[in-house]
Amino acid sequence: MEYKDASVYEALFIYCDNYIKLKDYNKALDLVNRILNDAGDNEKIRIKVYEYLYRIYEAKEDYKNIEISLLEAVKYLENLDYKKELADFYTLLGKFYMKSNEKELALNFINKGLEIYKDLGIILT
């Protein structure tokens with residue numbers, strides 16, 4: 001990890017996948033937080049960390065931390081040029097709020113995601 005090689009991070013994410021499959025969520029979280037602390041300003045790694053945080057908290061059914069991690073991801077991505085990833089997280093946040101029966105918030109985030117998908121040409125109108 002001292003060389004900050006992307007392949008090292010990919011290997012660590014594979015370990016994290018295995019911890020999730022084994023339902024050892026605490027080890028998965030420890031590993032993801034270690035990756036986050038080590039990766040520094042690497043935007044792609046940080047985005048992937050947010051994806052993993054979402055997956056782990058969803059598997060744990062930890063709704064408070066699902067919301068926190070999704071909101072942090074959106075806040076982070078709104079300042080970067082990763083439009084598709086931002087749309088993906090808007091959509092996940094919308095689905096989360098739909099499950100939480102907060103329909104107005106859900107529609108707001110889903111619409112934001114759809115607008116970006118349209119702008120990117122992923123969804124045709």
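**Notebook: a helical model, two loops and helix H3**

I began with Asn101, which counts as exposed because its relative accessibility is 58%, over the 50% cut-off. The model I am reading is predicted, so I keep that in mind throughout.

**Entry 1: the loop residues**

I placed Asn101 in the loop between H5 and helix H6 (103–120). I then looked up its backbone: Asn101 has a positive phi of about 65 degrees, although it is not a glycine.

Where else did I find a positive phi in a residue other than glycine? Glu61 has one, with phi near 60 degrees. Glu61 sits in the loop between H3 and H4. I checked its surface too, and Glu61 is exposed, with a relative accessible area of 54%.

**Entry 2: H1 against H2**

Next I turned to helix H1 (residues 6–21) and helix H2 (residues 25–39). Their axes are 8 Å apart and they pack at an angle of about 160 degrees. That makes H1 roughly antiparallel to H2, since angles over 145 degrees get that name. I also noted the hand of the crossing of H1 and H2, which is left-handed.

Which residues make the contact? From H1 I listed Tyr9, Leu12, Phe13, Tyr15, Cys16, Tyr19 and Ile20. From H2 I listed Tyr25, Lys27, Ala28, Leu31, Val32, Ile35, Asp38 and Ala39. Sorted by class, the contact of H1 with H2 has 13 nonpolar residues, two charged ones and no polar ones.

**Entry 3: helix H3**

I tried a length check on helix H3 (residues 43–60). At 1.5 Å a residue, its 18 residues should span 26 Å, and the end C-alpha atoms are 26 Å apart, which agrees.

Then I asked which residues of H3 are buried. My list reads Ile45, Ile47, Val49, Tyr50, Tyr52, Leu53, Tyr54, Ile56 and Tyr57. And what covers them? The cover includes H1, H2, helix H4 (63–77) and helix H5 (83–99).

**Entry 4: Tyr50 and Ser69**

I picked Tyr50 from helix H3 for a closer look. Tyr50 is buried, with a relative accessible area of 6%. Leaving aside neighbours within four places in sequence, I found Tyr50 in contact with Ser69, Glu72, Ala73, Tyr76 and Phe89. I also took a C-alpha distance: Tyr50 and Leu36 are 14 residues apart along the chain, and their C-alpha atoms are separated by 9.2 Å.

One of the partners of Tyr50 is Ser69, so I followed that contact from the other end. Ser69 lies in helix H4. Is Ser69 buried or exposed? Ser69 is buried, with a relative accessible area of 2%, because buried means under 20%. Not counting residues up to four places away in sequence, Ser69 touches Tyr50, Leu53, Tyr54 and Tyr57. Those four residues also stand on my list of buried residues of H3.

**Entry 5: Glu58**

My last stop on helix H3 was Glu58. Glu58 counts as partly exposed, at 35% relative accessibility; that figure falls between the 20% and 50% cut-offs. Which residues does Glu58 contact, leaving aside its neighbours within four places in sequence? I found Ile66 and Lys99. For distance, I paired Glu58 with Phe89, 31 residues apart along the chain, and the C-alpha atoms are separated by 14 Å. Phe89 had already turned up in my notes, as one of the contacts of Tyr50.

Conventions: Residues numbered from 1 in each chain as written. Predicted model: local features only at pLDDT ≥ 70, side-chain atom pairs only at ≥ 80, totals over all residues. Heavy atoms only, no water. Axes fitted to C-alpha atoms, helices over the stretch in contact; angles between N-to-C directions. Helix = DSSP H or I, 4+ residues; strand = E, 2+ residues; numbered from the N terminus. Parallel < 35°, antiparallel > 145°, perpendicular 65-115°, else oblique. Left-handed = near helix turned anticlockwise from the far one by under 90°. Contact = heavy atoms within 4.5 Å. Nonpolar A, V, L, I, M, F, W, Y, C, P; charged D, E, K, R; others polar. Expected span 1.5 Å × (residues − 1). Buried < 20%, exposed > 50% of the residue type's maximum accessible area, 1.4 Å probe, protein only.
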